[in-house]
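Reader: Could you walk me through this one? I have the model open and would like to go through the sheets, the packing and the odd spots in turn.

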Amino acid sequence: MPQNQVITCRNFHSGTWHDATGGTIERRNPATAELVAVAPRSSAAEVDAAVASAAAAFRTWRKTLPADRARYLHELAAACTPRIDDMAAAITREQGKPLDEARGEVRKFITALHYYAEEAQRVFGRTIPNDVAGFTSIVEKEPVGPVAGIVPWNYPIELIGWKLAGATAAGCTIVIKPSELTPGCAQILSECIADVLPAGVVNFVHGDGSTGRALVEHPAIAKVAFTGSMRTGQAIFRSVNGITGLSLELGGSCPMIVTARSDVAAAVKGAARRSFRNAGQICIAINRIYVQEPVYHEFVSGLAAAADALEVADGLDFPAADVGSLTMDETYCRTLEHIADARERGASVVAGGGPVEELAPGLFLRPTVVADAPDEALVMHEETFGPLVGVAKFSDLDDAIARANAAPGGLAAYAYTDDTRETFTLARELDFGNVAVNNVDAGIMNAPYGGRRESGFGSEHGHEGLESYLQLKHIRLRHGAQ
């Protein structure tokens, strides 16, 4: 597919594509402002058609043998492999990340398909002894039903994969509502699905917030799986039917603690990667760093140098760039607001601090480090979701942990220390769903991933990511005389 082609998106259900009647949404490249995709603005009636397709397919898919579901998912992974570059180019043009990073995202999507293909065959029930002779109780696990998958724009293909692979491996069908900012890559994915999966197992419906509301409120949806902002997640929590299943991954302000007993160079390298990858537009990006006084200046100067060394560029022209454009005006403006707020509160900008003028009017910001950031600064308690990180010093480890835990969300936290006692103290006292010590990879495919408090509930990744699409059934059998 030519990289400059405008992608025309259509709803996909019942195994084929459908036009919508509610108008269209245009998506422009945030790096160049060129038109890259046109998607339908789907109505409630069009959502209903997609859900009806999923509900009809569920009657058969739920009975499909796990080994056959596994085969389908492996085949879908194989069908997607020749389209890696097509999907990656669409991601870069719509979302802004560098092309090499976008390719990595699509490969992670394929990894999720293979992983859950195998997990589909590892769903086990149990047999329970009764307290009365002649009875046996069997506990089985069954798919919950048609699922609504609402996915964000920052990892538009990989995050589809978490939901699509886990749900279909469990025997559910799914209706996916891609972000209106990244419809084109989802269109390419639907073309791969059309060649492999039975009609109605995976469906796509495009649109804006009203489309998403119609989907999550639909009475035939058995579970809503959402990844996105706290604000939207809270709105979904209030709007879903009280008996509809729900999992929410809502991000949060993720902290890092660096103690005096750490490998400072390793901590700097990890902080630079996890603070600025994807221009900071990651739910588990490092937003705020607490550094113990004896190594504070060494760390700050190292991180400032690392941030300044990152290459910021158009991700299509420079596929190996470190940082691409931001995705939308909202995150661009919020990042600048947080930088200005930190300055006003006495923090020092030691790297970056503003736009990349030579790439204007693209949404490019320099990776920014603010030192001596007070706890009241927005960057130290709100999720910026841009290429900005705040750094503050601490003396007492308990104080650093308390400050790290003070934000309302609890998705991921990071720590660097070479002291065994500090390692286990940090791992146990940081109140987050994911804690990474001496590394910045808080989420891996074969371990559960989810947040606490205002960062949501439920798990993706791991076997738990499949189990969340299952429900229990107790079967009590009488088979002998009492």
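**Strands, cores and loops**

Author: Since this is a predicted model, what follows describes the prediction, and a pair of strands makes a good start: strand S16 (residues 368-371) and strand S17 (residues 388-394) run parallel and are joined by three bridges.

Reader: Which residue stands opposite Thr368 in S17?

Author: That is Leu388, which faces Thr368 across the pair.

Reader: And what is the order of the strands in the sheet they belong to?

Author: The order is S15-S16-S17-S14-S13-S19-S20, an open sheet of seven strands in which the pairing is mixed. Its edges are strand S15 (348-351) and strand S20 (434-437), each of which pairs on one side only, and from one strand to the next the twist averages 25°.

Reader: Which helices pack on the sheet?

Author: Helix H9 (residues 264-276) packs there, touching strand S13 (254-258), strand S14 (286-292), S16, S17 and strand S19 (412-416), and its direction makes about 160° with that of S14. Helix H12 (residues 397-405) also packs on the sheet, where it touches S13, S14 and S17, with its direction at about 150° to that of S17.

Reader: Back to the loops around S16, then. Where does Pro361 lie, and what kind of peptide bond joins it to Ala360?

Author: Pro361 lies in the loop between S15 and S16, and the bond joining Ala360 and Pro361 is a cis peptide, with omega at about 10°.

Reader: Which residues in the loop between S16 and S17 have a positive phi without being glycine?

Author: Asp372 is one of them, with phi near 55°, and its place is in the loop between S16 and S17. Phe385 is found in that loop as well, and its phi is also positive, at about 65°, although it is not a glycine.

Reader: Are those two buried or exposed?

Author: Asp372 counts as partly exposed, because its relative accessibility is 42%, which falls between the limits of 20% and 50%. Phe385, by contrast, counts as buried, with a relative accessibility of 11%.

Reader: Changing topic: how is the protein divided into domains?

Author: There is domain 1 (7-251 + 455-474) and there is domain 2 (254-437). Their centres, taken over C-alpha atoms, are separated by 31 Å, and the contact between the domains takes 25 residues from domain 1 and 29 residues from domain 2.

Reader: What about the largest nonpolar core, how many residues does it have?

Author: It has 108 residues, and those with the most contacts inside it are Ile289, Phe299 and Tyr414. Helix H4 (residues 99-119) gives the most to this core, contributing ten residues.

Reader: Why do you say that this core lies between the domains?

Author: Because domain 1 (7-251 + 455-474) and domain 2 (254-437) both give residues to it, the core lies between them.

Reader: Which residues is Ile289 in contact with, leaving aside its neighbours within four places in sequence?

Author: The list includes Met256, Val258, Ala271, Phe299, Leu303 and Met380, and it also includes the run Val389, Gly390, Val391 and Ala392. Apart from the core just described lies another one, of 22 residues, among them Tyr290, Val370, Ala373 and Ala392.

Reader: There is a three-stranded sheet too. What is its order?

Author: The order is S6-S7-S23, in an open sheet with antiparallel pairing. Strand S6 (126-129) and strand S23 (470-478) are the edge strands, each pairing on one side only, and neighbouring strands of this sheet are turned by 25° against each other on average, direction ignored.

Reader: How many bridges are there between S7 and S23?

Author: Strand S7 (residues 135-143) pairs with S23 over nine bridges in the antiparallel sense. As one point of reference along the pair, Glu140 has Lys473 in S23 as its bridge partner.

Reader: Last topic, the cysteines: how many disulfides does the count come to?

Author: The count comes to zero disulfides. Cys192 is in none, as the nearest cysteine sulfur, that of Cys80, is 4.1 Å away, whereas a disulfide would need the sulfur atoms to be within 2.5 Å. Cys192 is buried, with a relative accessible area of 2%.

Reader: And Cys254, how far away is the nearest cysteine sulfur there?

Author: For Cys254, which is in no disulfide, the nearest cysteine sulfur is that of Cys283, 8.1 Å away. Cys254 is buried, with a relative accessible area of 1%.

Technical notes:
Residues numbered from 1 in each chain as written. Predicted model: local features only at pLDDT ≥ 70, side-chain atom pairs only at ≥ 80, totals over all residues. Heavy atoms only, no water. Buried < 20%, exposed > 50% of the residue type's maximum accessible area, 1.4 Å probe, protein only. Pairing = 2+ DSSP bridges. Helix = DSSP H or I, 4+ residues; strand = E, 2+ residues; numbered from the N terminus. Axes fitted to C-alpha atoms, helices over the stretch in contact; angles between N-to-C directions. Core = buried A, V, L, I, M, F, W, Y, C linked by side-chain atoms within 4.5 Å. Domains from an automatic or database assignment. Contact = heavy atoms within 4.5 Å.
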